[in-house]
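Please describe this two-chain model. Cover charge, fold, packing and surface, then look at local detail.

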Amino acid sequence: MKRSIGLLAGAVLVSAWMPAQNAQAQNAVSCPVKLGGILPLTGSMGPVGKRISDSAQLAVKHINEGGGIKGCPVEFILRDDQGQPTVGVDAAKYLVEVERVPAITGSVSSGVTLPILTSVTVPSKVPVVSCCSTAATFTTLAQEGKTGGFFFRTLPTVKTQAYASAKVAADRGFKRVTMIYINTDFGTGMVKDFTKAFNKLGGQVLKTVAYNENQPSYRAEVNSALSDKPDAVFLVAFPQDGATMTREWISLGGTQNLILNNALRTPEYVKAVGGKFLQNAFGMDNASTSGPTVESFKQSFQAAYNASPDGPGIYNQYDAVMILGLAMNLAPDLSGTAIRDAMRKLQSPDATVVGTGPEEFKKAIALIKDGKAIRYSGATGPLEFDANGDVSGAALIWNVKGDQLGTDQTLTVEEMSKLIKQIDG
Amino acid sequence: MGIVSYLIFFAIVVSILSIITLGLNLQWGSTGVFNAGVVGFYAVGGYTYAILTAPGRPELLVNLELPWILGVVGALIASAIAALLVGLATMKLRGDYLAIATFGIAVTIQLIALNWEGLTGGSLGMTSVPRPLSGFFETPFTYNVFYLCLSAGFCLLTYWALERIVRSPWGRVLRAIREDEGAAIALGKDAATLRLQAFVLGSTVMGLAGALYVGFIGFVSPFDFVPIITFQIWTMLIVGGSGNNKGAVLGTLVVWGLWSASGTLISKILPAAFQTQGGAVQTILIGLVLVLTLLFKPGGLIGEEPTTSRHAG
């Protein structure tokens, strides 16, 4: 015991005069270029996290086939956070200090991503791109200048989803809406933003009912939500719980005017509920519009894993890695600050569009070499980060036709920013 | 350099977790009180620190913005009060009944944190919780060196105090209660009160660890206090050696080291195509090592020291 304390103290002393050298050594790029990943592979988010990490691996493969980063192959170092903040933070510190990764992608739960930012990556100036952390707190932190611009996320914030849903609900003539929501930062955020937007657009949220995950039945919640006889119900849930709840809602005589969140846009949910009950339902997702970049991603994912990429976070994670790959190629060196700044250079409106897949990545590298501006249009459609690192993208309204997921309409970037202005004033 | 920086970070986490394990060792190792709600008191300490020190926000009920040291003191007081209330209600229970009751209480505390938005920030948690004296340090590295001194200092203090306590007459009575409560009562010892005292003291120590953890991370959310942490702490104590404070610290170091090192190992040795399965392999590996330790070292790495009075033979 005494000996190890002595060793540690010695190590601290030795290292005290070393940091100065360390800062300069980053300019030269040494192969392979490392990229850190922190995702929940086990624990309660494990089933979701596995598919998401498959998607990240696919993106790394595409980057490598498309020429890598600054001529080097990319080595993706993936760590499991087990859905636990302490484990995630430890993994982040390891990646940043020992592996010296220039950037990290992760994590899924906001409760894991936030401590990673506050205690590791922001002080060390390492950019983090998350596929799935939705909490509004990230926006607040960024506005207060506490992320230093080092945080990005590739999924629409709760706000985009909530506002678009409120608009479509108002357009359909709903006046009185009840919400049943999952009691997480995602659910509560959705309630706050939807209520604000829906009130502004002339509607009224009658009641909000929170539920806790993984229960065999939600009869109590459903009954409570039914009592006011709303025009429509907004269900903020994940597929399994969502399906149980929707079945109970409909069997107890609830309206089939359902408003659904993006996580429910999966074939499993439609199948579990039964397509015929969902003909009046609509939901919002970010514009994974049926563009060629989206289709090409779908096909490569299908081919690589023999599974559909229609699940939470899969599209977004692919984009998170791809855009990091592009930014790291574009950045003059691989320091955190240079990558951070390059991330925002990938979105000028008149630039050449590059899409998904290795061929497009190759094209992007060639364009970067020629000094031409590029813009990334990914698996979730065109991607644009605002000052807080949030994507302000177009919104897709989806519905169910027969037993298939379909597209109802799209709200373009311009329409969305008009809507946000109208609501936020 | 990077390794050193990581090791310092690692040591901070170990010293904080050690404090919890030491608290549990007083309860279980010395007194035989089966607390399965460790994470609850850890959460009370952590949240109290955050609530007292966090910068004011209009949506929060409490906007005191106290200095960090008062946050730590508040965390101690709050976790002591919480433990007293819980203890008064449950100390009559024995063994497995107490375990179920305390487990339920820990889950309740986490759910309160999740749902009482005005107090705790709800599922969004509380951000920008001040990190003690962070203004005085320019780089993350020097700050972490400082924080290691702080957390290791608290850990040593706790260790020293608990060593004194368990070797005092009071500590010997706790041991007597653990071994044979009936006999202790027959000798005129008030077992119920002593058990309660040990429970409150141990839980207060856990609250201290909560405050140090939140102060270090600068953020708190209900995610930080999931029930699995209770089991991790128990594992640390059992592996290290229940009933021995050195064992509690060593167990924390070994188990948390295993947790981190196995993650590193997996990401190093598995080819990219299998990385996604790595998480599962890691969990299996941790389980395997723990089972082997228990099979070959059933009393833990350092078992309890045999206690005989120094006046005897």
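## Charge

Chain A carries 40 positive and 37 negative side chains. The centres of these two sets lie 2 Å apart. In chain B the counts are 15 positive and 13 negative. There the centres of the two sets lie 9 Å apart. These values come from a predicted model.

## Chain A: overall build

Chain A contains 16 helices and 15 strands. Its C-alpha atoms fill a box of roughly 70 × 60 × 45 Å along the principal axes. The radius of gyration is 22 Å. A compact globule of 425 residues would come out near 22 Å, so chain A agrees with that expectation.

Burial is counted at under 20% relative accessible area. By that cut-off, 59% of the 425 residues in chain A are buried. Contacts also span the sequence. Of those between residues at least 6 apart, 71% join residues at least 24 apart. The accessible surface of chain A is about 16,000 Å². Carbon and sulfur atoms account for 53% of that surface.

## Chain B: overall build

Chain B has 12 helices and zero strands. Read along the sequence, its pattern is α-α-α-α-α-α-α-α-α-α-α-α. The globule rule gives 20 Å for 313 residues, and chain B has a radius of gyration of 20 Å, so chain B is as compact as a globular protein of that length. The C-alpha box measures roughly 60 × 50 × 35 Å along the principal axes.

Buried residues form 56% of the 313 in chain B. Among contacts with a separation of 6 or more, 78% link residues 24 or more positions apart. Chain B exposes about 13,100 Å². Carbon and sulfur atoms supply 74% of that area.

## A three-stranded sheet in chain A

One open sheet of chain A has three strands in the order β11-β12-β13, with mixed pairing. Strands β11 and β13 (381-382) stand at the edges, each with a single partner strand, so one side of each lacks a neighbour in the sheet. Strands of a sheet pair through backbone hydrogen bonds, either parallel or antiparallel.

This sheet has both kinds of pairing. Strand β11 (residues 352-354) of chain A pairs with β12(A) in the parallel sense, over three bridges. Within that pairing, A:Val354 has A:Tyr376 of β12(A) as its bridge partner. On the other side, β12(A) and β13(A) run antiparallel over two bridges. Here A:Ser377 is bridged to A:Pro382 of β13(A).

How covered is strand β12 of chain A? This strand spans residues 374-378, and four of its five residues are buried.

## A:Lys192 and its partners in chain B

A:Lys192 sits in helix α8 (residues 185-200) of chain A. Is A:Lys192 buried or exposed? Its relative accessible area is 48%, and the partly exposed class runs from 20% to 50%, so A:Lys192 is partly exposed.

Which residues does A:Lys192 touch, leaving aside neighbours within four places in sequence? The contacts are B:Glu117 and B:Leu124. Both belong to chain B, so A:Lys192 has heavy atoms within 4.5 Å of the other chain. Within its own chain, A:Thr208 is 16 residues away in sequence from A:Lys192. The C-alpha atoms of that pair are separated by 10.0 Å.

Key:
Residues are numbered from 1 along each chain as its sequence is written. Chains are lettered from A and ligands numbered from 1 in the order in which they are written. This is a predicted model: local features need pLDDT of at least 70, side-chain atom pairs count only at pLDDT 80 or more; totals for chains, interfaces and linings use all residues. Side-chain values use heavy atoms; hydrogens and water are left out. The radius of gyration is taken over C-alpha atoms; the globule rule is 2.2 Å times the number of residues to the power 0.38. Buried means under 20% relative accessible area, exposed over 50%, partly exposed in between (1.4 Å probe, protein chains only). Accessible areas come from the Shrake-Rupley method with a 1.4 Å probe; for residues, only the protein chains shown count as cover. Lys and Arg count as positive and Asp and Glu as negative; His and the chain ends are not counted. The place of a charge is taken as NZ of Lys, CZ of Arg, CG of Asp or CD of Glu. Two strands pair if DSSP finds at least two bridges between them.
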